[in-house]
Amino acid sequence: MAAAEYDWAMFRNDDITLTVSVVDAAGAVVPLTNAVEITFAMSKKKADGTFSTTAALTKKKSTGGVVVTSTTGGKFNVVINSNDTESLSPADYYYEVELIDAGGDVGTCLIGTVELKKDLILNP
């Protein structure tokens, strides 16, 4: 599986759902039938473009932060709640999404940068 690259932005303290469609290098759908774990993780980028190996935010299928919406269609949602980002600094973050199948094979399906923007309105 080839990792697709997608950059996006969000405001700190917002709820957002990132919808992901997994495809191979030829553009064919990769079914998630054998996916035992899907992990989204993001880490703050440093001034030189590198990033820490310690994740600032992690969401997993096993803990409900990643929800498969179409097993045969290769689709899932990463659910980021407002409280997930309230303690994070506005900045650019590197992120990646990794899948582990029933055979223990690991593949990165998505990478990119998320721009976490400063928020003006803080909701209770």
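# Questions about a predicted chain

In this predicted model, 62% of the contacts in the protein chain between residues at least 6 apart in sequence join residues at least 24 apart.

Me: What pattern does the protein chain follow when read along the sequence?
Reply: The secondary structure of the protein chain comes to one helix and nine strands. Read from the start of the sequence, these elements follow the pattern β-β-β-β-β-β-β-α-β-β.

Me: What is the radius of gyration of the protein chain, and how does it stand beside the globule rule?
Reply: The C-alpha atoms fill a box of roughly 40 × 35 × 25 Å along the principal axes, and 34% of the 124 residues count as buried. For 124 residues the globule rule gives 14 Å, and the value for this chain is close to that, so the chain is as compact as a globular protein of that length, with a radius of gyration of 15 Å.

Me: Which strand supplies the largest share of the largest nonpolar core?
Reply: The largest nonpolar core has 25 residues, and those with the most contacts inside it are Trp8, Ile38, Phe40, Met42, Phe76, Tyr95 and Val97. Strands β2, β3, β4, β7 (75-80), β8 (91-101) and β9 (106-117) each supply at least two residues of this core. The largest share, five residues, comes from β8.

Me: How many residues apart in sequence are the parts that the pair of Trp8 and Tyr95 ties together?
Reply: A search of the whole structure finds three aromatic pairs, and one of them, formed by Trp8 and Tyr95, is edge-to-face, with 5.8 Å centre to centre and 70° between the planes. Trp8 lies in strand β2 and Tyr95 in strand β8, so the pair ties together parts whose separation in sequence is 87 residues.

Me: Which residues do ring pairs link into a cluster?
Reply: Trp8 and Tyr95 are both buried, and together they form an edge-to-face pair. Ring pairs also bring in a Phe residue, and the cluster linked in this way consists of Trp8, Phe40 and Tyr95.

Me: Which residue in β5 is the bridge partner of Phe40?
Reply: Strand β4 (residues 35-44) and strand β5 run antiparallel and are joined by four bridges. Strand β5 (residues 57-60) has an uncovered face, Thr58 and Lys60, and a covered one, Leu57 and Lys59. The bridge partner of Phe40 belongs to that covered face, and this partner is Lys59.

Me: Is Asn13 buried or exposed?
Reply: Asn13 lies in the loop between β2 (8-11) and β3 (16-21). Leaving aside residues up to four places away in sequence, Asn13 touches Ser82, Thr85, Glu86, Asp119 and Leu122. The relative accessible area of Asn13 is 13%, and because the cut-off for this class is under 20%, Asn13 counts as buried.

Me: With the side chain of which residue does the side chain of Lys45 make a polar contact?
Reply: Lys45 lies in the loop between β4 and β5 and is partly exposed, with a relative accessible area of 29%. Not counting residues up to four places away in sequence, Lys45 touches Thr50, Phe51, Asp92, Tyr93, Tyr94 and Thr113. Lys45 and the last of these are 68 residues apart in sequence and 8.8 Å apart in space, C-alpha to C-alpha. The polar contact between the side chains, at 2.7 Å, is with Thr113.

Technical notes:
Residues numbered from 1 in each chain as written. Predicted model: local features only at pLDDT ≥ 70, side-chain atom pairs only at ≥ 80, totals over all residues. Heavy atoms only, no water. Buried < 20%, exposed > 50% of the residue type's maximum accessible area, 1.4 Å probe, protein only. Contact = heavy atoms within 4.5 Å. Pairing = 2+ DSSP bridges. Core = buried A, V, L, I, M, F, W, Y, C linked by side-chain atoms within 4.5 Å. Phe/Tyr/Trp six-rings, centres within 6.5 Å; stacked < 30°, edge-to-face > 60°. Polar contact = N/O pair within 3.5 Å; in protein donor to acceptor, adjacent residues only side chain to side chain. Rg over C-alpha atoms; globule rule 2.2 N^0.38 Å.
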